[in-house]
Amino acid sequence: MTEIADSMISAFLSVGLNEKKAKETLKNETLSTYLKQAIEEASKISPHSLQDCGSLLYHLASKIKSQSSIHLPLLVKYIVSKALDSTLRVDAALEYVLSHVNAVNEKELEASCGVGVIVTSEDIEETVSKVVEKHKAELLDKRYRYNLGLVMQEVRTLLKWADGKYIKSEVDVQVLNLLGPKTEADLAPVPKVKVNEKKSKPKSNETQENGFEFVEENVNIGDLMKKLPFHKPGENFKSDGYVVTEQTHDLLREHIKYTGGKVRTRFPPEPNGILHIGHAKAININFGYAAAHNGICFLRYDDTNPEKEEEKFFTGIKDMVQWLGYKPYQITHSSDYFHQLYEWAVKLIKKGLAYVCHQKSDEMKGFNPLPSPWRERPVEENVKLFEAMKNGLIDEGEATLRMKITLEEGKQDPVAYRIKFLPHHRTGDSWCIYPTYDYTHCLCDSIEHITHSLCTKEFQSRRSSYYWLCNALDIYCPVQWEYGRLNVNYTVVSKRKIAKLIEENIVNDWDDPRLFTLTALRRRGFPPEAINKFCARMGVTGAQAVVSPNMLEAVVREVLNDTAPRVMVVIDPLPLHIVNFDQLNVDTKFTVPDFPNDATKGSHDIQFDRTIYIEKSDFKVIQEKGYRRLAPGQGVGLRYAGLVLEVDKVNTKCNGAITSIDVKATPVDVDNKPKAFIHWVARPISIEVRLYSTLFLHKNPEDTYQVPEGYLSDINPDSLKVSIGYADSGFVGVKPYDRFQFERVGFFTVDRDSNINHKPVVNLTVSLKEDSGKS
């Protein structure tokens, strides 16, 4: 242990901490720093009173925020003088200084903390008596089973600065006087109320993967957003790490006047690709948080890179936001503010906080590049050069505008503007300099008066530049909050890598159902409400989540089970000829329910005929142990038909391949019950069936240790299988994106290609849960 550490532990021991607690405190750098400062300040005032006020000094050090820490000496003075003599008063003092960082008035501070307010034992006795009398009837009825915490809480509300220990003692005395000593009935255990509860099942792989499991099983995004510990609009200064300046409170007052105190969030995607499953979490958090607090959310396109932006990406992003059920308050673009952003850049230059640099991009890479030799060039020269950049007088790559700040990650002087001689999607040839994300993001948030700038954890290293830039320009500064990204195994979501998959003809387009873009998930048949529910169950934490596709598929299956009508479809058909069909005297058309468990939710008609089709897997020439479907000597039932089929003859080719089966049918009755029932179709509709599995063979195809040859070498050759299946007549008139459950097979969705080849095309959405009884 170093000499400094020994010195700090010695100081911590001096205020009453035991050695174990002192060592634990030392591990927390922020707490240690503030506690050491508090002890030093207290020692200057009264070195002999450290033990007496040690617990309050520790409480102060553990609760104070960085933005109000300049007032720590003042609060220590009040603690040592016993003006702040309880954690209640210390907390009130902390709340006051946080709200008045730049304008602490000691009289106001004392009033807010109840300094000088004395609550006598008579005050406590009188108030407790009034509250006990108020609850007397319930106390006499429930006796000691009554929650006395409610009584103490009410007294605490009436006597804010009373000592909690004295309140509890007085409540105990007066309740004892009212009820007398506890009887045997009071001491008897509370009888348990029997509740019919299902035994909890162990978590399956669908809801738990690699140690990660859903934060909450039954929660919607609105309820989740209401639980987040974010600041209230206008109270930005209460957030950890927020930087308070002399203008902060004036700017916040103007902000509240403009917004009316409403929550304002934004979803700011770059329009250079299609949104993926990780964006679904961001959409739900930004739009969901605003909706949960009766606020508004902007959809803002971060269109600062004209090189990669296309109209289809603008349209695709808006479509996916709306598909998930959200409506933007307003659709904006970073390019809407190009003129304002330029003016602010000039202001930064004039304040000596930005400069034109001629280092090449390779020279600026990494965390320890050589400092720019142009960092200290005169302001007037920087202004002229930046204007020359804007007017197209400097070649692309020959100059950038850089900000004078070092990011948390160590990157020095990030670029604010670069030259690109490319027309912009919206502004045409008006500009040849374009702002970077580091420069644009926070300033657009400020312009739109965003209250909560919610972003993923990798932007935490940009938080200091976010606050620095707003404060450097003396403009309203929102609060940045970070949360963990959502990633899924067996896929890639990088725009560049998906573009490469398309270029190499490995997938067809951005909406290929094997991808995890939102357009792909929609095409595959994932309901938007399932994706939203999945995002809610993932929770909002700082930890990055990397989960199995099974977890998402489990939620999709749950939603589709309640919403997708059932039809019978045979994926791999085998013809059966009913040889005694004419003698059966059965109807050739049946009405069957769309949802067998709820006949009120609709029905459809199916055909029956002498030739029907079943799955090849539902027949075996030789019976196996545990096999319960059709085989020579073993009959099987037909769903909805009320018939049992028995093998009469197996028809084969010369090579032994089965071509069809002749069967005899008999009605199901008490003496003729089959071991299993199977699905079937007659007079079917031919459909194209696309069966999907994971696109990659490894969980993380981008891991160079698992896949040394790169993600393109890890493609699963069986990720797509296409077959021609037969569907029952309930499949007539289907439209793209209609969803169904194919009985005993899985959930499927009608693909948009159905309109092209005039034959229904269906995509496997998710399989059914494995049924151990199906054999």
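Visitor: Let's start with Arg89: is this residue buried or exposed?
Guide: Keep in mind that we are looking at a predicted model. The relative accessibility of Arg89 is 5%. The cut-off for burial is under 20%, so Arg89 counts as buried.

Visitor: Which residue does the side chain of Arg89 meet in a salt bridge?
Guide: Look for a carboxyl oxygen close by: the N to O distance in this salt bridge is 2.9 Å. The partner has 47% relative accessibility, and therefore counts as partly exposed. That partner of Arg89 is Asp85.

Visitor: How many salt bridges does the structure hold?
Guide: The pair of Arg89 and Asp85 is one of them. Another joins the side chains of Arg375 and Glu376, at 3.7 Å from N to O. The number for the structure is 51.

Visitor: Of Arg375 and Glu376, which one is exposed and which is partly exposed?
Guide: Exposed means over 50% relative accessible area, and partly exposed covers the range between 20% and that value. Arg375 has 22%, so this residue is partly exposed. With 60%, the exposed one is Glu376.

Visitor: How many residues apart are Arg690 and Asp751?
Guide: Their side chains meet in a salt bridge of 3.5 Å, N to O, and both residues are buried. Arg690 sits in strand β25 (residues 685-692), while Asp751 is in the loop between β28 (746-750) and α27 (754-757). The pair thus links distant parts of the chain, and the number of residues apart is 61.

Visitor: Which residues are joined with Arg690 and Asp751 into one network?
Guide: The network is built from salt bridges that share partners. Besides Arg690 and Asp751, its members are Asp511, Arg523, Glu688, Arg752 and Asp753.

Visitor: Which domains give residues to the largest nonpolar core?
Guide: This core has 53 residues, and Phe267, Ile277, Ile283 and Ile531 have the most contacts inside it. Its largest share, nine residues, comes from helix α15 (residues 277-292). The core lies between two domains, because both give residues to it: domain 3 and domain 5.

Visitor: Which residues of helix α15 (277-292) does Phe267 touch, leaving aside neighbours within four places in sequence?
Guide: Helix α15 runs over residues 277-292, so we look for contacts of Phe267 with numbers in that range. Elsewhere, its contacts include Leu275, Cys297 and Val321. In the helix, they are His279, Ala282, Ile283, Asn286 and Phe287.

Visitor: How many residues are in the second, separate core?
Guide: In soluble globular proteins, nonpolar side chains tend to be buried together. Leu348, Ile419, Cys444 and Leu469 are among the members of this second core. Its residue count is 46.

Visitor: Where is Ser334, and is it buried or exposed?
Guide: Ser334 lies in the loop between β5 (330-333) and α17 (338-350). Beyond its sequence neighbours, its contacts include Arg300, Tyr301, Leu341 and Cys444. Its relative accessible area is 1%, so Ser334 is buried.

Visitor: Which residues make the nonpolar surface patch of about 270 Å²?
Guide: One member, in the loop between β19 (611-615) and β20 (636-638), is Ile622. At 65% relative accessibility, Ile622 counts as exposed. The patch is made by Val621, Ile622 and Ile658.

Technical notes: Residues numbered from 1 in each chain as written. Predicted model: local features only at pLDDT ≥ 70, side-chain atom pairs only at ≥ 80, totals over all residues. Heavy atoms only, no water. Core = buried A, V, L, I, M, F, W, Y, C linked by side-chain atoms within 4.5 Å. Buried < 20%, exposed > 50% of the residue type's maximum accessible area, 1.4 Å probe, protein only. Helix = DSSP H or I, 4+ residues; strand = E, 2+ residues; numbered from the N terminus. Domains from an automatic or database assignment. Contact = heavy atoms within 4.5 Å. Patch = residues over 30% accessible without salt bridge, like charges linked within 9 Å, V, L, I, M, F, W, Y side chains within 5 Å. Areas by Shrake-Rupley, 256 points an atom, 1.4 Å probe, with all protein chains shown as cover. Salt bridge = Lys/Arg side-chain N within 4 Å of Asp/Glu carboxyl O.
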